[in-house]
Amino acid sequence: MTTGVVLLNFGEPSEPEREPVVEYLERIFMANADLEEYDSVEAARERSRALAERRAPGLIEEYEEIGGSPLNDQAHAQTDALAAELDDRGFDVETYLGMQYTEPYIPDAVEAARGDDVDRVIGLPIFPLCGPSTNVISLDELEESMTEQGLEVPFQAITGWHKHPEYNHLRAANIQRFADAEGVDLADPDTAMVFSAHGTPTHYLNEGSRYDVYVDEYTEVMASLLGLEEHHVGFQNHENRDIRWTEPEVEELVVDLDAERVVVEPVSFLHEQSETLSELDVELREEAEAAGLEFHRVPIPHDDERIPSVLADLVEPFLADFEPAYYQYRQCQCRDVPGTMCLNAPQQPVPEGDDGVGSEPGTDATADD
């Protein structure tokens, strides 16, 4: 049995050319059209195009400043590394990269899997912190594309996975290694540790997304692993529409810090891209230094040798056909579709007076009797 594992990614234009950038932005705005009200699909498309035209010049300037986005090359490298890791573990697997908004698109990945005559498909978004416009929508598109292309094989989906222990350890170690190399003492009261998360419209949170909860719990664990008594969380928002986004904005947070230096860790990303290389390294640095702060930005450990192992761990229960609950998977609530599993779904509280002792192996000790 050959399994197709599709790594789902956002995508980003590699070169600062106008038409690809406009098309990329138009796809993003159209995918999130439900943030506004429209009389027709055509009206939504016109609005998406107008927003894309308005945003494109600034984004092109960012790409020119950073020499083009490295996201695609890094994503391809991770896909190849996962294939090698799964091969070492003895699994018969083909890996594919499917991007939401640039080539290779998610339907391209499905077409390739169909051509390889795979017997089943596993979808794995590369975003650890599950969000509706990333993890959920990319898996929906993958499943829809399989149906449209007639790829009638079993489909299994994985959404959020920021609770994977080794992932937490490698990110914390990466922060500490960077701080040591920069000569920065993270425990110094004059050093502010800021975790910068990609923002999201509050509309999604009001609809039930737990993205803000995931950010808070993940950054709390990061701070604990680093032995920090205090940390800060800010959001990188993209306010292209007249709607509310998550708060506080990282720019406002940083300039108001009572510190001498700031260390910024981009918690939502597994690749370097415009949101890190431009928004943080250039724009946020300028604001921080103008406020008199020494600025340090932690690089993304996209090529850490443990990343392929983490990704392989995530798909292993499905490949080896053992109960995913053994790896602490539960039915996802963000994508409430049977068979969609995650590490993030909240456990039911233990009934009062019941410590869960004596439950059978493989059962949820917190579940109701």
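## Two pockets and one exposed serine

In this predicted model, the lining of the second largest pocket is made up of eight nonpolar, three polar and four charged residues. The space in this pocket comes to about 280 Å³. It has 15 lining residues, and L186, D188, P189, T191 and E230 are the closest to its centre. Strand 5, which spans residues 191-198, gives the largest share of this lining, with three residues.

The largest pocket holds about 410 Å³ of space. Its lining counts 16 residues, and those nearest the centre are R27, A31, Q100, Y101 and E141. Two or more lining residues come from each of helix 1 (18-31), helix 2 (41-66) and helix 5 (132-148). Of these elements, helix 5 supplies the largest share, six residues. Sorted by class, the lining of the largest pocket has five nonpolar, three polar and eight charged residues.

The table sets the two pockets side by side.

| Pocket | Volume | Lining by class |
|---|---|---|
| Largest pocket | about 410 Å³ | five nonpolar, three polar, eight charged residues |
| Second largest pocket | about 280 Å³ | eight nonpolar, three polar, four charged residues |

The last topic is a single residue, S224. This serine belongs to helix 8, which runs over residues 211-225. Is S224 buried or exposed? S224 has a relative accessible area of 56%, and because exposed means over 50%, S224 counts as exposed. Along the chain, S224 and A172 are 52 residues apart, while their C-alpha atoms are separated by 9.4 Å.

Definitions and conventions:
Residues are numbered from 1 along each chain as its sequence is written. This is a predicted model: local features need pLDDT of at least 70, side-chain atom pairs count only at pLDDT 80 or more; totals for chains, interfaces and linings use all residues. Side-chain values use heavy atoms; hydrogens and water are left out. Helices (H or I, at least four residues) and strands (E, at least two) are DSSP runs, numbered from the N terminus. Buried means under 20% relative accessible area, exposed over 50%, partly exposed in between (1.4 Å probe, protein chains only). On a 1 Å grid over the protein atoms alone, a cavity is a set of points where a 1.4 Å probe fits but cannot get out, and a pocket is an open set with protein on both sides within 12 Å along at least five of seven lines; lining residues have an atom within 4 Å of a point. Grid points are joined across faces, edges and corners, and a volume is the space filled by probe spheres set on the points. Ala, Val, Leu, Ile, Met, Phe, Trp, Tyr, Cys and Pro count as nonpolar, Asp, Glu, Lys and Arg as charged, and the others, Gly among them, as polar.
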